[in-house]
Amino acid sequence: MVAVNPQPTSEPSARIERQSLHDAIVTRLRDMIIEGHLVPGTRINEGQIGAQLGVSRTPLREAIKYLASEGLVELVPSRGAVVKSFGAKEVLDMIEVIRTLEQFAGTRACQLATNNGIGAIRDLHDEMLACYRSGDRLRYYKLNQAIHSGIVALADNAALSDVHGMLQTRLKRIRFIGHEGPEKWASAVAEHEEMIAALEARDPDRLSAILGRHLTLAWERVKDSLRP
């Protein structure tokens, strides 16, 4: 009888656990930036944040580097990691590009999307409304952004999704403060109600116009809170 040498096996569980830790740290830091707990322009104190999250410096630094690749953090010589601060002109430039991308995507989505694809956006919208009613701003915001990304995805254009995703990530904190205050939040919700209605009607001109107005008003809602 010939002995068979067992082949070395991989350890997927260990890799998954490590990746999950990385994702968890990235998500928590990103949320802290979005909600303003880490203020734009301030240095990220690795010792303090590591103790707060209960993680060592190595995975924390990996997470910070990842956020730097997203444009939410800057790695500054002699200062370390600093939360990215955008001026008004930078924000307006990005919002104008996002507006153009989403208007194009909305038109394409009305033409190309499957009924299931549009139904998935409706599900996100309904869940977002539930968060609005319960006052869960962070969860509402994440669903809001998922709706915008979802409409872009329905256009079935990978390059479009890549550029849109990059800019949307950089504007996470800015878009979040656009919902501060009951009046601003209610206005944003009303615009989303119009948006989903136009998408379900597959009306490209109407959806494009609503998205354009929505992004223009998004700028109006945040511009006074930005440095020149």
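Hi everyone. Let me begin with a term: a residue counts as buried under 20% relative accessible area, as exposed over 50%, and as partly exposed in between. Take R202 as a trial case: its relative accessibility is 29%, so R202 counts as partly exposed. One more thing before we go on: what you see above is a predicted model.

Let's stay with R202 for a moment. R202 lies in the loop between α9 and α10, and its phi is positive, about 55°, although R202 is not a glycine. Why point that out? Most residues other than glycine have a negative phi. D156 also has a positive phi, near 55°, and D156 is not a glycine either. You can find D156 in the loop between α6 and α7. Is D156 buried or exposed? With a relative accessibility of 64%, D156 counts as exposed.

From that loop we can step into helix α7. At the start of α7, N157 places a side-chain oxygen within 3.2 Å of the backbone nitrogen of A159. The helix covers residues 158–170, which makes 13 residues. From first C-alpha to last, α7 reaches 19 Å, close to the 18 Å expected at 1.5 Å a residue.

Which residues of α7 are buried? They are L160, H164, L167, Q168 and T169. The cover over these buried residues includes α3 (57–70), α4 (88–112), α6 (137–154) and α8 (172–177). Let me pick out T169, which has 14% relative accessibility and therefore counts as buried. Setting aside neighbours within four places in sequence, T169 is in contact with E70 and L72.

Now for my favourite part, the aromatic rings. The count comes to four aromatic pairs. One of them joins Y132 and W185, edge-to-face, at 5.1 Å centre to centre with 75° between the planes. This pair links distant parts of the chain: Y132 is in helix α5 (residues 115–134) and W185 in helix α9 (residues 182–200), 53 residues apart. Y132 is partly exposed, with a relative accessible area of 29%, whereas W185 is buried, at 10%.

W185 has another partner. The ring centres of Y140 and W185 are 5.2 Å apart and their planes stand at 75°, so this pair is edge-to-face. Here too the pair links distant parts of the chain, with Y140 in helix α6 and W185 in helix α9, 45 residues apart. Y140 and W185 are both buried. Put together, ring pairs link Y132, Y140 and W185 into a cluster.

A ring can also have a charge for company. The charged end of R137 sits over the ring of F176, 4.0 Å from the ring centre.

Next, please look at H214 in helix α10 (residues 204–222). Its relative accessibility is 3%, so H214 counts as buried. What does H214 touch, not counting residues up to four places away in sequence? The answer is H148, R175, A188, E191, H192, M195 and R221.

Last, the cysteines. How many disulfides does the structure hold? Zero. As a reminder, a disulfide is a covalent bond between the sulfur atoms of two cysteines. C110 is buried, with a relative accessible area of 6%, and C131 is buried as well, at 8%.

That's my tour. Thanks for listening!

Note on methods:
Residues numbered from 1 in each chain as written. Predicted model: local features only at pLDDT ≥ 70, side-chain atom pairs only at ≥ 80, totals over all residues. Heavy atoms only, no water. Disulfide = S-S within 2.5 Å. Buried < 20%, exposed > 50% of the residue type's maximum accessible area, 1.4 Å probe, protein only. Helix = DSSP H or I, 4+ residues; strand = E, 2+ residues; numbered from the N terminus. Expected span 1.5 Å × (residues − 1). Contact = heavy atoms within 4.5 Å. Polar contact = N/O pair within 3.5 Å; in protein donor to acceptor, adjacent residues only side chain to side chain. Phe/Tyr/Trp six-rings, centres within 6.5 Å; stacked < 30°, edge-to-face > 60°. Lys NZ or Arg CZ within 6 Å of the ring centre and 35° of its normal.
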